[in-house]
Amino acid sequence: MRNASTLALRGRLIRLAGSGTIATLILLLVALWLVFAITIGDRFFSVNTLQSMAFQMPELGILSLAMMLALLSGGLNLSIIATANLSGLTIAFLLTHYIPGTQGIAWAGVQVLAIAAGFAVAALVGLVNGFVIAYLGVSPILATLGTMTLCKGLAIGLTRGNVISGFPEPIVFIGNGTVLGVPFALIVLALCALPVALMLNATPFGARVYMIGSNEKATRYSGVDTRAVLLKLYVLSSLLAGVAAVVMLARFNSANAAYGESYLLVTILAAVLGGVDPFGGFGKVGGLLLALIILQVISSAFNLLNLSQFLTLAIWGGILIAVAAVPHLGGKAPR
Amino acid sequence: MPKSRFASFGRFRRSHEFWLLIVILVLCASLGAANGQFLTMQNLFDLLTSYAFVGILALGLLVVLIAGGIDISFTATASVAQYVTLTVANAYGANWVCVFAIAIGIGGTLGALNAIFIQKLRIPSIIVSVATLNIFYGLLIFFTGGKYIYSLPDWFATGIFWFEFDWGKDTSYGVNLQILALGFSFLFTWLLLNRSNIGRQIYAMGGNTDAAQRLGFHVFGLNMLVYCYMGVMAGIASLVQAQLAQSVAPTVLVGKELDVVAAVVLGGASLMGGVGTVLGTFLGLALLAILQNGIILLGVSSYWSPFFVGLVILISVSATAWSQRERRTRSARP
């Protein structure tokens with residue numbers, strides 16, 4: 001009797017877990033919170049901890065959004081970090097060269113123009129990616145591998161690997177300031193995630209992206225100009241990398257050709273953990289944000305427990321495999 | 001007979017490898033003309049030695065790509081194999097057979113782990129290898145603290161030097177461990193893919209997994225073999241790299257995985273599976289090596305080397321895609 005009810009409960013749990021990645025992720029998050037609440041106690045819920053979590057998440061978050069857009073269309077964008085560094089260096093170069101000696105409107109103008117120039121660089125890389133992928137038909141992983149090496153090479157060649165640092169107050173604020181206790185960078189992440197979510201779920205463009213990810217050929221034959229959609233998508237992905245560039249250079253108060261390189265595979269990990277199908281067509285911004293929170297919770301908790309950040313990496317990998325295996329364990333047919 | 005040879009040459013002339021060969025020959029000729037040092041035996045041996053690590057890994061990855069999968073965890077596998085093997089060799093003493101056996105064993109085991117996750121849990125290979133890269137690497141650094149090993153056994157540090165011969169007055173060349181391992185890896189991979197029944201099965205499985213399964217191929221076994229092969233190659237490459245660097249640095253290999261991917265895909269292997277050759281991989285590797293070497297010999301600052309590599313990758317993949325598209329359009333409208 002008791003056995004049967006536990007079995008039923010187990011079945012229900014598995015079904016709940018398998019009924020969608022979002023449900024699995026929420027369960028996982030609750031479980032993690034419980035475990036860390038017991039092992040760490042109050043310290044885990046202190047304002048300080050929450051704020052430091054909120055400061056660390058946005059960079060990876062915005063970069064993961066950039067990766068997610070490419071993944072949804074069945075592609076991949078390996079050039080996001082290199083793009084972010086190249087556009088970060090552009091901004092940093094303009095700031096450090098034209099800010100000294102300016103005041104008032106000129107001072108503000110240089111900052112706005114510098115950021116605009118950074119976005120222009122990012123958009124240009126996106127255009128190259130989009131053109132090569134959509135119009136020449138190169139597979140996304142190869143095309144972005146090329147632009148990744150190219151951008152990184154350009155950044156290293158121009159700076160000789162040096163760091164550019166020292167930015168004005170408003171720029172530093174983007175990465176380190178708070179508004180009503182909320183880190184400004186987190187607001188930037190929200191300002192990126194919300195429009196992306198709206199675009200994907202509520203516009204014809206978003207629907208086309210999902211369709212291309214499911215079956216590009218069928219989408220083309222149904223009269224969608226898939227090439228234009230893909231071009232736009234890779235430009236958007238690059239622009240998000242540009243936003244990440246601003247947040248990154250603001251937080252470190254410096255820019256370099258090799259910042260954040262270890263993030264590249266972590267963005268794929270975060271997106272896939274968040275339920276984005278690596279072959280395209282499926283995935284929601286909400287899932288990605290949940291995955292980011294989970295990764296950040298583990299990282300922060302391990303930090304509080306004085307465990308190595310490398311153990312965090314290993315646990316992240318383990319969780320990715322566990323979550324990816326859930327649909328199979330629940331008896332659902334694999335894709 | 002001559003006719004068929006002509007036909008096979010015609011097929012080769014249209015292949016990706018042919019164009020790669022032309023580009024490499026042009027590059028070699030112009031670099032040789034620009035700098036007398038380029039076309040020397042010493043440079044050739046140096047290039048082979050320094051690119052052995054990437055080359056051996058590229059061969060493992062080639063087999064995985066042909067089988068229709070992908071693996072990017074091999075740098076972490078190599079780091080683990082290198083660290084454990086040389087720690088054991090330092091502690092208990094060993095010889096060449098021993099260290100290679102340990103490294104191959106560790107590489108094969110980690111590869112088998114990948115295959116089990118991919119096949120038994122039905123997780124796409126890209127996800128599994130991103131995850132295992134982090135797991136292997138994270139655990140390695142967690143347990144070792146990321147400490148370098150500088151003191152290697154003497155016989156290991158000395159290396160292997162075969163068929164020594166003199167060239168000119170004061171320079172001598174020989175087949176060292178790196179070249180030996182690279183050569184054997186190429187030979188063995190070529191035999192596996194072109195002269196064995198299993199090789200044909202790997203191509204068939206990569207071309208169409210469902211069809212291969214219905215024909216009665218042992219898909220799990222084949223995948224196990226393929227990912228173990230990648231792991232074994234990572235184990236061998238890791239020792240080759242440690243011997244060249246004369247140290248074990250657990251943090252320097254991870255992050256180089258995309259260099260290896262670049263060499264293999266420049267060589268014409270498809271990420272969709274079923275396509276790719278050992279010759280192509282060799283040429284892709286040669287192109288990258290000659291390019292980076294040539295940039296330095298031409299006196300361009302090595303800071304610019306990744307820029308040119310990126311440019312060549314982008315142009316090469318674009319040209320290939322473009323020519324394939326042209327051919328498709330031509331065959332569609334005869």
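**Core, chain contact and one helix pair**

Let me begin with the largest nonpolar core, which has 208 residues, and in which those with the most contacts are A:Leu63, A:Ala244, A:Leu269, B:Ile56, B:Leu57 and B:Leu61. By such a core I mean a set of buried Ala, Val, Leu, Ile, Met, Phe, Trp, Tyr and Cys residues joined through C-beta atoms within 7 Å, where buried means that 20 or more other C-beta atoms, placed from the backbone, lie within 10 Å of the residue's own. Helix α11 of chain A, residues 226–252, gives the largest share of this core, 18 residues; helices here are DSSP runs (H or I, at least four residues), numbered from the N terminus.

This is a predicted model, in which local features need pLDDT of at least 70 and side-chain atom pairs count only at pLDDT 80 or more, while totals for chains, interfaces and linings use all residues. Residues are numbered from 1 along each chain as its sequence is written, with chains lettered from A and ligands numbered from 1 in the order in which they are written.

Turning to the chains, the contact between them takes 41 residues from chain A and 40 from chain B, two residues being in contact if their C-beta atoms, placed from the backbone, lie within 7 Å. On the chain B side, α7(B) provides the largest share, 14 residues.

Finally, in chain A, helices α12 (263–273) and α13 (285–304) pack at an angle of about 120 degrees, with their axes 7 Å apart. Axes are lines fitted to C-alpha atoms over the stretch in contact, and angles run from 0 to 180 degrees between N-to-C directions. α12(A) and α13(A) are therefore oblique to each other, since angles under 35 degrees count as roughly parallel, over 145 as roughly antiparallel, 65 to 115 as roughly perpendicular and the rest as oblique.

How values were computed. A residue is buried if 20 or more other C-beta atoms lie within 10 Å of its own, exposed if 12 or fewer, and partly exposed in between; C-beta atoms are placed from the backbone. Helices (H or I, at least four residues) and strands (E, at least two) are DSSP runs, numbered from the N terminus.
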